[in-house]
Structures are given as structure tokens and as C-alpha cells.
Amino acid sequence: DECADYRGPERPWVFAQTRQELASLALDRVRLGGAPSRRESLLREARADVDSALRVLRPTELPEAASASLRSLDAELLAELSLVERRPALLAEAEARLREASRAFPSTALPREAALVCVRQALLARARYGSTGDAPQLGAGNAALDRALVLMEAHTDSLVLFRVRRERDALAHARAAGTP
């Protein structure tokens with residue numbers, strides 16, 4: 001409670017980082033499983049955190065990459081929400097958010113963020129496969145993960161590498177299951 005003033009909207013960068021971490025934590029909790037209604041609730045709360053961070057950042061002069069990172073995370077939240085709710089229409093919004101965010105992450109200047117965009121592209125491809133059964137989506141997802149690994153070649157970022165492995169496993173599981 002004492003840190004509420006420090007992490008409040010009057011300190012936009014700290015507020016946005018805190019909301020981003022809370023949203024990421026909720027996403028991790030969703031991936032642990034549980035009832036679909038609980039997972040849906042966590043994803044909606046996480047999206048509310050992202051939205052509030054974006055609102056606070058909008059009037060500031062902080063670099064575009066700060067909001068782009070939040071939009072990229074929101075794309076991931078939307079993709080997960082589409083899987084939980086079985087609403088493929090959310091994937092178009094997720095793709096638009098991710099495309100918008102990716103423009104702010106040149107691979108030479110911000111390889112970690114660009115690699116995370118690639119991981120999120122793979123998640124979108126898996127979600128599309130889950131809603132349509134379109135098998136080439138699995139290949140597109142693996143290609144996006146290959147791009148992420150190329151971007152991480154010169155860097156040792158265990159979190160990104162873990163995310164690549166986890167999504168690669170999810171794509172393999174989807175392929176093995178053979179049904180969307």
C-alpha cells in the first residue's frame with residue numbers, strides 16, 4: 001500500500017511497467033490451467049491492466065517502444081482469450097495489435113522485443129490453427145519461432161529462449177493432436 005504512490009499514474013513509466021508485469025503474471029497464471037471461466041477472468045483483468053497503462057502513457061513523451069511493448073503483450077492476451085473463449089474473431093484484433101507493435105521494434109536495435117513479437121506471431125498461428133484447422137498455420141508458427149531464434153543468436157536471453165521452446169512444444173502438441 002505504501003508503494004501505491006510510487007507506482008501510481010503520476011509516474012507513467014513506473015505505472016506502465018507495473019501494469020505490464022501484473023498482466024504478464026496473470027498470463028502465466030492462465031497457462032497453469034484451471035477452469036475456463038477463471039482463465040477468462042484473468043485474461044480480462046490483464047487486458048484492463050494493459051489498457052490502463054496505455055492510457056497513462058498516451059499523453060507522455062516516452063519512446064514509442066514503451067507503448068508498443070504493451071500492444072504486443074495485448075496481442076498475446078487476445079490470442080489466449082480467443083483460445084479460452086473459442087472466439088476466432090479476436091485473432092484479427094490481436095494480429096492488428098501485433099503488426100502495429102512490430103513496427104516499433106527494428107530487429108537490429110531491439111532484437112529481444114522483435115523476437116518476442118515473433119513468438120507472439122507463432123501463438124497467433126497456433127490459435128488460428130485451433131479455430132480453423134488450417135495445417136499450414138503450424139508451419140507459419142514454426143517459421144516465426146525460427147526468426148525469433150535468429151534474432152536471439154547473438155544474445156543469451158533465457159526468457160525469450162524459454163518462450164520459444166514452450167511455443168514450439170505447443171505447436172508440436174497441436175500437430176500431434178491433429179484436430180483444432
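Student: Which helices each supply at least two residues of the lining of the second largest pocket?

Tutor: In this predicted model, the helices α1, α3, α5 and α7 each supply at least two residues of that lining. The largest share, 9 residues, comes from α1.

Student: What makes a residue part of the lining of the second largest pocket, and which residues are closest to its centre?

Tutor: A lining residue has an atom within 4 Å of a point of the pocket. The second largest pocket, with about 600 Å³ of space, is lined by 25 residues, and Q20, S24, R112, L116 and R120 are the closest to its centre. By class, its lining has 11 nonpolar, 5 polar and 9 charged residues.

Student: What is the volume of the largest pocket, and which residues lie nearest its centre?

Tutor: The largest pocket holds about 770 Å³ of space. Its lining consists of 29 residues, and E80, L83, R126, A170 and H173 lie nearest the centre. The elements that give two or more residues to this lining are α1 (12-31), α3, α5 (111-132) and α7.

Student: How are the residues lining the largest pocket divided by class?

Tutor: The lining of the largest pocket has 13 nonpolar, 6 polar and 10 charged residues. E80, which lies near the centre in the sense just given, counts as charged because Glu belongs to that class.

Student: Why is the pair of E100 and R71 called a salt bridge?

Tutor: The cut-off is 4 Å between a side-chain nitrogen of Lys or Arg and a carboxyl oxygen of Asp or Glu. The N to O distance for E100 and R71 is 2.7 Å, so the pair meets the definition. E100 belongs to helix α4 (residues 90-102) and R71 to helix α3 (residues 64-85), and the two are 29 residues apart.

Student: Are E100 and R71 buried or exposed, and how do you know that?

Tutor: Buried means under 20% relative accessible area, exposed means over 50%, and partly exposed lies in between. E100 has 35% relative accessibility, so E100 counts as partly exposed. R71 has a relative accessible area of 8% and is therefore buried.

Student: What makes D74 and R97 a salt bridge, and why is D74 called buried?

Tutor: Their N to O distance is 3.3 Å, which is within the 4 Å cut-off, so the pair is a salt bridge. D74 in helix α3 and R97 in helix α4 are 23 residues apart. D74 is called buried because its relative accessibility is 0%, and the limit is under 20%.

Student: Which parts of the chain does the salt bridge of D146 and R168 tie together?

Tutor: The closest N and O atoms of D146 and R168 are 2.9 Å apart. D146 lies in helix α6 (residues 136-151) and R168 in helix α7 (residues 158-177), so the pair ties together parts that are 22 residues apart in sequence. D146, with a relative accessible area of 41%, is partly exposed, and R168, with 23%, is partly exposed as well.

Student: How many salt bridges does the structure hold, and which residues are joined into one network?

Tutor: The structure holds 18 salt bridges. Through shared partners, R31, E76, E80, R120 and R163 are joined into one network.

Student: How many residues has the largest nonpolar core, and which helix gives the most to it?

Tutor: This core has 50 residues, and those with the most contacts inside it are L43, V50, L70 and L77. The helices α1, α2 (36-57), α3, α4, α5, α6 and α7 each supply at least two of its residues, while α5 gives the most, with 11 residues. Leaving aside neighbours within four places in sequence, L70 is in contact with A16, Q20, V50, A53, L54 and L57.

Student: Why is E167 called buried, whereas T60 is called partly exposed?

Tutor: E167, in helix α7, has a relative accessible area of 7%, which is under 20%, so E167 is buried. Beyond neighbours within four places in sequence, E167 is in contact with V119, A122, L123, R126 and L145. T60, in the loop between α2 and α3, has a relative accessible area of 24%; this value falls between 20% and 50%, so T60 is partly exposed. The C-alpha atoms of T60 and W13 are separated by 9.1 Å, although the residues are 47 apart along the chain.

Terms used:
Residues are numbered from 1 along each chain as its sequence is written. This is a predicted model: local features need pLDDT of at least 70, side-chain atom pairs count only at pLDDT 80 or more; totals for chains, interfaces and linings use all residues. Side-chain values use heavy atoms; hydrogens and water are left out. Helices (H or I, at least four residues) and strands (E, at least two) are DSSP runs, numbered from the N terminus. Buried means under 20% relative accessible area, exposed over 50%, partly exposed in between (1.4 Å probe, protein chains only). On a 1 Å grid over the protein atoms alone, a cavity is a set of points where a 1.4 Å probe fits but cannot get out, and a pocket is an open set with protein on both sides within 12 Å along at least five of seven lines; lining residues have an atom within 4 Å of a point. Grid points are joined across faces, edges and corners, and a volume is the space filled by probe spheres set on the points. A nonpolar core is a set of buried Ala, Val, Leu, Ile, Met, Phe, Trp, Tyr and Cys residues joined through side-chain atoms within 4.5 Å. Contact means heavy atoms within 4.5 Å.
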